[in-house]
Amino acid sequence: MRPEPIPLRRPRTLRPGDTVGLVALADGDAVLFPARTRRAIENLTTMGFRVREGNLGTLAPNGKAGAPRERADAFNALVADPSVAAIISVIGGGSTVHTLPFIDFGAPRPSPQVLLGYSDFSTLLLAALARSGVAGFHGPALLPQFGEVGGLDPYARAAFEDVLMR
């Protein structure tokens with residue numbers, strides 16, 4: 001017998017003034033590249049967003065952004081915060097899969113947050129879809145794209161705005 005399909009849950013569109021949360025579910029590169037991290041946060045602020053830093057200041061000896069449970073706790077805290085409209089991955093890496101047993105996919109929210117990232121963050125995007133029906137977005141991450149001088153390149157910014165803000 002097949003289980004009942006989980007209904008697709010879409011986040012609302014983002015608006016200037018919304019708070020975006022930043023989380024590292026794999027590597028702790030925000031600590032290794034502080035100037036790029038600050039620039040990325042400034043670029044998001046320039047786009048009109050408020051920023052809530054999750055676990056950006058954590059770097060474990062293995063290069064990860066903490067132990068799996070700590071990384072998951074940072075994500076869960078952003079999900080539980082009703083003021084956070086989007087959660088953006090800091091960067092990919094490896095080992096997001098180790099956080100999945102500690103992620104609360106049943107956290108009740110009237111509207112899910114935008115989940116945005118790529119690379120290893122795709123693990124979370126697929127798990128969120130499979131376990132809670134939340135539609136995530138494969139797209140720019142904090143350090144590689146938002147951290148560029150001048151922010152997102154014009155093509156990426158147009159796509160970001162078209163998909164997530166309109």
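Which residues make a nonpolar surface patch of about 330 Å²? In this predicted model, the patch is made by Val31, Leu32, Phe33 and Leu59. Beyond this patch, the briefing covers two aromatic pairs, seven salt bridges found by a search of the whole structure, one cavity of 30 Å³ or more, and two residues with unusual backbone angles, Ser95 and Ser119.

**Surface patch**

- Leu32, which is one of the residues that make the nonpolar patch, is found in helix 1, a helix that covers residues 29-32.
- Because its relative accessibility is 48%, Leu32 counts as partly exposed.

**Aromatic pairs**

- A pair of aromatic rings is described by the distance of the centres and the angle of the planes.
- The structure holds two aromatic pairs, and in one of them the ring centres of Phe49 and Phe160 lie 6.2 Å apart with the planes at 85°, so this pair is edge-to-face.
- That pair links distant parts of the chain, since Phe49 sits in the loop between helix 2 (34-46) and strand 2 (50-53), whereas Phe160 belongs to helix 6 (residues 154-164), 111 residues apart.
- Both partners, Phe49 and Phe160, are buried.
- In the pair of Phe146 and Phe160 the ring centres are 5.7 Å apart and the planes stand at 85°, so this pair is also edge-to-face.
- Here again distant parts of the chain are linked, with Phe146 in helix 5 (residues 142-146) and Phe160 in helix 6, 14 residues apart.
- Phe146 counts as buried because its relative accessibility is 0%, and Phe160 is buried with a relative accessible area of 5%.
- Through these ring pairs, Phe49, Phe146 and Phe160 are linked into a cluster.

**Salt bridges**

- Side chains of opposite charge can pair when their charged atoms come close.
- A search of the whole structure finds seven salt bridges, among them one in which the side chains of Asp18 and Arg12 meet at 2.9 Å, N to O.
- The two partners of that bridge fall into separate accessibility classes, because Asp18 is buried with a relative accessible area of 10%, whereas Arg12, at 34% relative accessibility, counts as partly exposed.
- The side chains of Glu148 and Arg36 also meet in a salt bridge, with an N to O distance of 2.5 Å.
- This pair links distant parts of the chain, Glu148 lying in the loop between helix 5 and helix 6 and Arg36 in helix 2, 112 residues apart.
- Glu148 is partly exposed, with a relative accessible area of 37%, and Arg36 is partly exposed as well, with a relative accessible area of 24%.
- Glu161 forms a salt bridge with Arg166, where the closest N and O atoms are 3.7 Å apart.
- In this bridge Glu161 counts as buried, at 18% relative accessibility, whereas Arg166 counts as exposed, at 61% relative accessibility.
- Glu161 and Arg166 also belong to a network of salt bridges that links Arg157, Glu161, Asp162 and Arg166.

**Helix 3 and the cavity**

- Arg69 lies in helix 3, which spans residues 68-80, and is partly exposed, with a relative accessible area of 49%.
- The C-alpha atoms of Arg69 and Leu25 are separated by 9.8 Å, while these residues are 44 residues apart along the chain.
- Rolling a probe the size of a water molecule over the atoms shows where empty space is left.
- The count comes to one cavity of 30 Å³ or more, and the largest cavity has a volume of about 180 Å³.
- The largest cavity is lined by 13 residues, of which Val79, Phe105, Gln113, Ser132 and Val134 are the closest to its centre.
- Helix 3 and helix 4 (122-132) each supply at least two residues of this lining.

**Backbone angles**

- Most residues other than glycine have a negative phi, and most peptide bonds are trans.
- Ser95, although not a glycine, has a positive phi of about 95°.
- Ser95 is found in the loop between strand 3 (84-89) and strand 4 (114-117), and counts as buried because its relative accessibility is 13%, where the limit for buried is under 20%.
- Ser119, likewise a residue other than glycine, has a positive phi near 60°.
- Ser119 lies in the loop between strand 4 and helix 4, and at 40% relative accessibility Ser119 counts as partly exposed.

Note on methods. Residues numbered from 1 in each chain as written. Predicted model: local features only at pLDDT ≥ 70, side-chain atom pairs only at ≥ 80, totals over all residues. Heavy atoms only, no water. Patch = residues over 30% accessible without salt bridge, like charges linked within 9 Å, V, L, I, M, F, W, Y side chains within 5 Å. Areas by Shrake-Rupley, 256 points an atom, 1.4 Å probe, with all protein chains shown as cover. Salt bridge = Lys/Arg side-chain N within 4 Å of Asp/Glu carboxyl O. Helix = DSSP H or I, 4+ residues; strand = E, 2+ residues; numbered from the N terminus. Buried < 20%, exposed > 50% of the residue type's maximum accessible area, 1.4 Å probe, protein only. Phe/Tyr/Trp six-rings, centres within 6.5 Å; stacked < 30°, edge-to-face > 60°. 1 Å grid on protein atoms, 1.4 Å probe; cavity = no way out; pocket = protein on both sides within 12 Å on 5 of 7 lines; lining within 4 Å. Points joined across faces, edges and corners; volume = space filled by probe spheres on them.
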